[in-house]
Amino acid sequence: MTSDTAKDAHGTRPGSGAALLRDTVGALSERAPAVVASAAEQMRGIRLGLSFNDGTTASLTPLHSRLVYADGPAHDTDVEVVFDNRAMNLLFDLQRQPVDEVLPGSLDVRGEPDRVLAVWRAFTLLSQRASGLRFVQELWEDYRNRTPELWGPGAHGREDTADIGAAETTGWNALDYLNRRRPASASDTDAAQAVGGRLTVPHRSLWNGRSSTPWWEELPLTDADLVETMHAIRDRVADEMRGLIPDREPRRDLYDLMRDYPARQGKGLRPTLTVASCVALGGSAQDAVRSAAALELFHNGFLVHDDIADESTHRRGLPTLHTAHGAGLAVNVGDGLNLLAIDAVLSNLQTLGLARTLGLIRETLHMCRESFEGQALELGWIRHQEVPAEDEAYFTMSTKKTGWYTCISPCRIGAVCAGVTDPHLLDRFDEAFRLIGIAFQIQDDVLNLIGDEALYGKEACGDLWEGKRTVMLIHLLRSATDFWEHEILRQLVIRPRHEQNSNDVQTILRSMQRHKSIDYAIALADDLATRGIDHFERDLAFIPENRGKAVLRQIAHYVTSRPL
């Protein structure tokens, strides 16, 4: 255990008010991204400085659709908030509104009135929605337990707090209130809320983006957690996928290898989009599970083949299939996964009937064709030593190669599972999720350069080793106007992987940093995602506000709020 006087890996003292702020904003950014995006919109460039009763300080600054936390005293802040012991008690006591208890030197707020009100609106949004998330509740309970001198003994004179899922009172107003919001009968060991059908446990889907419930109003159910929702659907679809892979010979050189990539689970984006779209349009979650599993089989088959074409060495933190078992076996495994995916789509005849299955076949064939065309564009650039001059070429390639099977097709396939086969309605998903898909891919490309390899799950700077034509690379060559610099960089870029070395890769990376190509890509991704969200609200207005649509909206916002 780390002592409370030491600092954690982030430079913040564990158990402090600053650490609580950092962890709460981090949890919301991951689990309720639409909420963070709305709070950032309210703050609109206002820099907030906070000082806590334990001597710790921090700042929050909105950056596009994110809230960026920084430890330590803030300079040039627009609004300052100071909490003493009394104010921290007010923060946790939901029987009184802190706005009525502001005092100089206690809950002390300083700044221009319009900016103070903007910060207040942002934190109202955060507090209204955060209190329903189990993960956030646990963060705040841990803070309460670390500082019992602020709150006094718990229930029945005990110093420890009762488990927040228990029926008994805790002796602390806020936790008792939260317990009533989430009945003890809701099991934390169950799969988290999916979005409907047989995958659900008692939860309320997240805020719809336009209205929220006052903090004092009782709610029968609690907010869904996007991370838990995605993981629940991912795990259910993974079970379905495992059942589709035959348990027969040849196990060692085929069927056991087919289970390798699917076992290296990702976040569950595609399955969640598929299931959520189905539920949003009136279907049952269970109706979409088989099709979501087919999508994942296609995805993993594509990954096996992509890794061979790109000469990648690692996938999700482990050696790629062809690196570990040879290209011949890997190609065969990829082919087998694609064949199983086709079989899974056809097997919907038994449960969804002929019309919907024909619709699924059509959507699947279109998705595969787009993916193959996008792969051809990217490999052709590398083969012919070309680098596109404009971002639009990258947008086209990215949409075809990954956008369709990662974002657009899962939504359309989920809709077909619900019985929607009208092309005009299915097309309403396209522009919103085209833009969101490009933004997601740009962010993935950025993470390949600056992300933590252990968390990102792919080879660090692998795109530079492979010569991928990313937005950053296109921007770099467009920005390097000096003839000799441009020529040197171009020669490094077109060099085959087996001729690359770490110095070459670092030269390109440093040049990207010098020309601000990474910053350019981050800003571009944010703009694309914001435009995608605008299309989501306009183009999908025909879908009623329900649990499935709420999850789709959260995923759309997830692209803009995930940390880079």
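**A guided reading of the predicted chain**

The chain exposes about 24100 Å², of which carbon and sulfur atoms supply 54%. This surface belongs to a predicted model, and the values below are to be read accordingly. Of the 564 residues in the chain, 54% are buried. The secondary structure comprises 25 helices and 7 strands. Among contacts with a separation of 6 or more, 70% are between residues 24 or more positions apart.

Helix 16 offers a starting point for a closer view. This helix covers residues 391-417 and contains Lys401; Ser398 is found in helix 16 as well. Is Lys401 buried or exposed? Lys401 has a relative accessibility of 9% and therefore counts as buried, since the cut-off for a buried residue is under 20%. The side chain of Lys401 forms a polar contact of 3.3 Å with the side chain of Gln375. Beyond the residues up to four places away in sequence, Lys401 touches Asp306, Asp310, Glu370, Ser371, Gly374, Gln375, Glu378 and Lys468. Gln375 thus appears both as the polar partner of Lys401 and in the list of residues that Lys401 touches.

Ser398 has a relative accessibility of 1%, so this serine also counts as buried. When its neighbours within four places in sequence are set aside, Ser398 is in contact with Gly403, Ile438 and Gln441.

Attention now turns to a pair of helices later in the chain. Two packed helices are described by the angle between their axes and by the distance between those axes. For helix 21 (residues 471-479) and helix 24 (residues 517-539), the axes come within 9 Å and cross at roughly 125°. Why are helix 21 and helix 24 described as oblique to each other? An angle of 65 to 115 degrees would count as roughly perpendicular, and one over 145 as roughly antiparallel; the crossing at roughly 125° falls in neither class, and helix 21 and helix 24 are therefore oblique to each other. Their crossing is right-handed. On the side of helix 21, the residues that meet helix 24 are Val471, Met472, His475, Leu476 and Arg478. Their counterparts in helix 24 are Ser517, Ile518, Tyr520, Ala521 and Leu524.

Helix 24 also contains Arg531. With a relative accessible area of 38%, Arg531 is partly exposed, because this value lies between the limits of 20% for buried and 50% for exposed residues. How many residues separate Arg531 and Glu431 in sequence? They are 100 residues apart in sequence, while their C-alpha atoms lie 9.4 Å apart in space.

How values were computed. Residues are numbered from 1 along each chain as its sequence is written. This is a predicted model: local features need pLDDT of at least 70, side-chain atom pairs count only at pLDDT 80 or more; totals for chains, interfaces and linings use all residues. Side-chain values use heavy atoms; hydrogens and water are left out. Helices (H or I, at least four residues) and strands (E, at least two) are DSSP runs, numbered from the N terminus. Buried means under 20% relative accessible area, exposed over 50%, partly exposed in between (1.4 Å probe, protein chains only). Contact means heavy atoms within 4.5 Å. Accessible areas come from the Shrake-Rupley method with a 1.4 Å probe; for residues, only the protein chains shown count as cover. A polar contact is a pair of N or O atoms within 3.5 Å; within protein, one must be able to donate a hydrogen and the other to accept it, and residues adjacent in sequence count only if both atoms are side-chain atoms. Axes are lines fitted to C-alpha atoms, for helices over the stretch in contact, and angles run from 0 to 180 degrees between N-to-C directions. Angles under 35 degrees count as roughly parallel, over 145 as roughly antiparallel, 65 to 115 as roughly perpendicular and the rest as oblique. A crossing is left-handed if the near helix is turned anticlockwise from the far one by less than a right angle, and right-handed if clockwise.
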